[in-house]
Structures are given as C-alpha cells and as structure tokens.
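Notebook open, coffee poured. I want to go through this one piece by piece and jot down what I look up.

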Amino acid sequence: MPKKPRVRFAPSPTGGLHLGGVRTVLYNYLFAHQQDGQFILRIEDTDQARYVEGAEQYIYDCLAWCRLEPHESPAVGGPYGPYRQSERKSIYGKYAQQLIEQGHAYYAFDTPEELEAMRANFKTEENPSPQYNHIIRKMMRNSLTLPPAEVEQLLKDHTPFVIRINMPENEDISFHDMIRGEVHFNSSQSDDKVLLKADGMPTYHLAVVVDDYLMKITHAFRGEEWLPSAPVHIMLWRYFGWINDMPQWAHLPLILKPDGKGKLSKRDGDRLGFPVFAMDWKDPASGEVTRGFKEMGFLPEAFINMLALLGWNDGTEKELFSKEELIAAFSMDRVHKNGAKFNFEKAKWFNHEWIKRMPDEIIAGKLRAQAKNKLPDEKMTRIASLIKERCTLLTDVWENAWFFFETPADVDVDSIRPRWNSDKRNFFSEWTTEIKETIEWNAMTLESKFKELAASKNIKPGDVLLPLRIMLVGKKIGPGVFDIADIIGKEETIKRVELTLARL
RNA sequence: GCCGCGUUGGUCAAUCGGUUAAGACGCAUCCCUUUCACGGAUGAAUGAGGGGUUCGAUUCCCCUACGCGGUACCA
C-alpha cells in the first residue's frame, strides 16, 4: 500500500495572497484529501528584509475563508514543527556544513560589490547575465580557490561569507514531473546558487530541500516559475543522499493576465478593475488597500470552483463542482501544461451560478446583515428565492432587494407619464379601494383581482402592470409585481401606489 | 544571449491516429416573460508555419516562428 501523501504550500508572507497562490493551495488540498493525506502550511520567511507585518495572519484568514485549512501549520502545530522557517534557522547551518565537508558546497567570501564587478566585467552581448558557475567560481574568492590556511583565517576573523552549492559540470539532471513528464537539464547551465546567506539564514533552495525532507513531504507542487531551479534542488537531494525520498514534483502552469501576456499581477487587477487577491489586503507601510474576491462579493465556493477549472478539467462537460466533488474528481495528470489567461467574466459566471444554487437561508442571512428593519424569517427566505437569479455578486443582493424593506424615494414617473391618462388613474384609485377590503392577501389573488378589474374597465393588464411596478419598486426591475405586493403587505402597497399617484 | 516550458475559436477548453473538431464564458439574433433576470433555440468564431512517420494526422517526431518563465546573499 502506498504511503499517505504529505503535501505542502509554502508561501512567503510578503503581501496579499494571489489567485495563483490560492490555486496552488487548492490543488495541494484536493490531492491530500483525495488520498487521505496531510496538507501542510509552511511559512517561508527566510528573507528578513521582506518581512511584512500581518501577512502571515492574512494567509490564515484567506485559507479559512476558502475553507482550505491545513492539517499542520505554524498556527495549529503538528509533529514536524516548527513550521516557520525563521524558527528553524539553526537546522540549516548543520546541513550546509555537511555539504562543505563532503565537497558539495564551499565558502564564498565575495562581497556584493565584488559580485557586481564580476557581472559587469563578464557581461557581453551574448551573455547579458553572467553566472557564478563552474568557470567563474575559479576566479572568485572562495574556499575552492583560496589556500586552506587563508580560508581558515578568514573564518576565524568572522569575515562575512555565504555557502554556495558546488554544481557539477556537464551532468544530466532529469526528473519526472507529474504534469510535464520527463524534464531534462544540463548541470552546467545552473550556477552555484547561494545556500546559506551571510546572515546565517538559508535561501529558498536549501530550506525547501531540507524542510521537505524533514517534514516527509511526498509530493511538491509549485508554480512553473520554479522549473528552472529544479536542477539545483535535485542536486541537493542527491548530495544529501536523500534522493530516494525526494518528493514527486508537479510544476503548475501560470495564471496569465487577460490582455497581452505574462503572469497575472496585482497591477493588472487594479488596471482592469478586478481583484487578484483572495481577500482585501492592506499594505501596512502605505496603508493602501487592494480589493479581494471576498469583499468584491464572491462566494468561496465559487472562487475555488473557478480556480480549480483554470488549468484543469475532469474531461467531461461538468463545470460546477463543490469542494467534495473536486476532491473526488481531481487528478494531477489532467492539469494543463500551458498557462491560462484569467477571465473575470467567467469568474463572475461561476459566482452567479453558485448564488443561484445557494440555499435561500444563506442569502437571507446576507439580507439580514444589511436590512435596518427586520422582516420575519419566512419573508426573508422568500425574498432570497425571488432575487437569487438576479445576483452575480453578493453585493448585488441588496441592490435587488432593498425595496422590500423601504419605500422608494425616487420613483421613475417619467416612464409612466407618456401613456398616462384618466382611465388609468381611475383604475388605480379603484384598485386601491378594492384591495383595502380584500382579506386574502397573496400574490395569486392579487393578480387575478387586478386583471379582473382591468378587464372590466377595458384596460389591457399590460398597460397597468408596468406602472404598478414602478409605483412599488421605483423602476423597471425586480421579481413579479404581485409577489412584491404580497411581501411588502397591504398597507405599504397602498401607500406606494397613492404616493406615486400624487406625483403624476 | 543562454537554459527550460509551452502553442486547438476573443477567453477557458474536449479529443489520448480515423469526429460534420465537443462544451462553457462572452458576443449576435430569436422565443418565453407586457419589468429585470432566469430559461430555451439558433448563429458567427479554432488546430502558428514547414517538413517528416502513417493508408490516414489537431493528435507522434524534427525544424522554424512566436509566447512565457528563469538567469539575486527574493521567494
């Protein structure tokens, strides 16, 4: 029996949680839950210069909103903690040291200025960005080029240093990607990446390998932008002697901007008027707030459904999936290789579909939150069922329901006037008199009485239906007029008709 | 520049050598509804280019083009 999978999402807490990040979470979550495995959240905060206040909590909030909660995380703990890399600092040094002893890594004493000079010196038209590779390293100040005694002295003097991986020359590095199949690299193409920084913190490259090993990760899913550094990570797995425990990789396609090309960024959302982050993100430095899908009126169910289908489908025509259905249907080998352009119109369609399918009580709850005067639950759910199909975003709910709760202040009498006459005026004043006596107050009776009266006065019902709607709602929108009259009640119906009559 | 990954309608996409190349979003027209929406019907719109392999290529291989990603003591 195969091992239960252990997967992880490893964000760096530097700001808002991007769509693509949530999709990575989702695929991790679906994969883990499908196979009764564990989903781990690890915080990759090794870059202290990029620390952003509140960003970690924000990630928890987003995952909670999406209902994609991890089994293990800095917040809930777990058997392989700590789950925050800054708290694991002491672990990494030991492993870097081990690599040095085995000759798979070395000390490098080059200052940032020296590196800059190197890049400037070797920069040519054919090679605009020279790398610290197997050729260049021979010309730099490191423990491979310096006499051992000098290295020892530098170390003793606490000269700042980094530890770099010693990439082999001209070796084939290939691996099987769950989405892309066999991927090949030549080791000469990768440079000697920094493993341990001068501040003693590991870089992503060291930390991801050490932590995936220590946390017994079986499958590692990340964005396609990581594909070029895969050979470095694979070399590390080999150097450490852990290659048989290396997780299976899957490099997820990118989510692209709707117009043009390239990765979707927060800026694209600002520019084109749609959210990119899961929830509102307030930059603590600037105070600037970036809108999120949640606050824009998206249902988490719709949000993850939309994300799941951006780069994956089950091969059938089914598009609407609950989380449970996604868990059952998801498979990594049906994830596309190519990036997908984000389409906000389609995202809204998903939300619309989900609102329509939502139980009335849930929508009634949204109503209750906004209405000043509370109606009985029975009426609330009825309103919800009447307006659901008219709402694309949750923010549309109130726009389509406010007139059940308050008398319209603005009435579009201009739409009535052109065809208004005394017959119609008489009709309405007679109707109000009639309904005052009506005992049975419901949509059906109201409609038949209304039509009977119109017929008796030789008026086509259609000629008075639209005016009635405008009287009750203020404009030409909304569910059936008699349903509205039914819900707002006799008194309010008469009040609104008379109010408008007075304005005509 | 180099390395890697990719390329089916405007967008998301099905097809795992043989189809009139699905479906969805959006768009257009019509029906339903004497509002708005929902729903229904119809329509326009697709295999980057060139070579192979094959009885037969959207599908397999190669080349070209194009796009994207990477090329930090950031992740």
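My entries follow, grouped by topic.

**Entry: what I have**

I'm working with a predicted model. I checked the domain split of chain A and got domain 1 at 86-252 and domain 2 at 407-503. Then I looked up the spacing of the two: their C-alpha centres are 77 Å apart.

**Entry: around the RNA**

Which residues come closest to RNA strand B? I found Glu126, Gln131, Glu319, Glu389 and Arg390 at the head of the list, out of 67 residues that surround the strand. I also looked at which part of the RNA faces the protein: 70% of the strand B atoms within 4 Å of the protein belong to sugar and phosphate.

Next I pulled up individual contacts. Glutamate 319, already noted as one of the closest residues, has a polar side-chain atom 2.5 Å from a sugar or linking oxygen of RNA strand B. For asparagine 313, I read 2.9 Å between a side-chain N or O atom and a sugar or linking oxygen of the strand. Alanine 198 uses its backbone: an N or O atom there sits 2.8 Å from a base oxygen of RNA strand B.

I then asked which elements give two or more residues to this surface. My list has helices H4 (112-122), H12 (344-357) and H18 (461-473), plus strands E4 (162-165), E6 (181-186) and E13 (340-341). H12 has the largest share, with five residues. Sorting the surface near RNA strand B by class gave me 27 charged, 22 nonpolar and 18 polar residues.

**Entry: pockets**

How much space lies in the largest pocket? I get about 1200 Å³. Its lining runs to 44 residues, and nearest the centre I noted Ala10, Pro11, Ser12, Glu225 and Trp226. Strand E1 (6-9), helix H1 (19-34) and strand E8 (219-223) each put in at least two lining residues. H1 gives the most, with four. By class I wrote down 20 nonpolar, twelve polar and twelve charged residues for this lining.

The second largest pocket holds about 340 Å³ of space. I count 19 residues around it, with Lys3, Lys216, Ile217, Thr218 and Asp245 nearest the centre. Helix H6 (residues 204-214) contributes the most to the lining, three residues. The class split here is eight nonpolar, five polar and six charged.

**Entry: a closed space**

Before counting cavities I reminded myself that rolling a water-sized probe over the atoms shows where empty space is left. With a threshold of 30 Å³ or more, I find one cavity. The largest cavity has about 30 Å³ of space. Which residues line the largest cavity? I noted Thr407, Pro408, Val411, Met471, Arg496, Leu499 and Thr500. Helix H20 (residues 490-503) has the largest share of that lining, three residues. Sorted by class, the cavity lining is four nonpolar, two polar and one charged.

**Entry: salt bridges**

My search of the whole structure turned up 37 salt bridges. I picked out one of them: the side chains of arginine 42 and aspartate 212 meet with an N to O distance of 2.9 Å. The pair joins distant parts of the chain, as the two residues are 170 apart. Arginine 42 is in the loop between strand E2 (38-41) and helix H2 (55-66), while aspartate 212 is in helix H6. H6 is already in these notes, as the element giving the most to the lining of the second largest pocket.

**Entry: backbone oddities**

Last, I went through the backbone angles. Most residues other than glycine have a negative phi, and most peptide bonds are trans, so I flagged whatever departs from that. Is the peptide bond from glycine 81 to proline 82 cis or trans? I read it as cis, with omega near -5°. Proline 82 falls in the loop between H2 and helix H3 (89-101).

Arginine 67 got the other flag: phi is near 60°, a positive value in a residue other than glycine. I placed arginine 67 in the loop between H2 and H3.

Notes. Residues numbered from 1 in each chain as written. Chains lettered and ligands numbered in written order. Predicted model: local features only at pLDDT ≥ 70, side-chain atom pairs only at ≥ 80, totals over all residues. Heavy atoms only, no water. Domains from an automatic or database assignment. Near = heavy atom within 4 Å. Polar contact = N/O pair within 3.5 Å; in protein donor to acceptor, adjacent residues only side chain to side chain. Nonpolar A, V, L, I, M, F, W, Y, C, P; charged D, E, K, R; others polar. 1 Å grid on protein atoms, 1.4 Å probe; cavity = no way out; pocket = protein on both sides within 12 Å on 5 of 7 lines; lining within 4 Å. Points joined across faces, edges and corners; volume = space filled by probe spheres on them. Salt bridge = Lys/Arg side-chain N within 4 Å of Asp/Glu carboxyl O.
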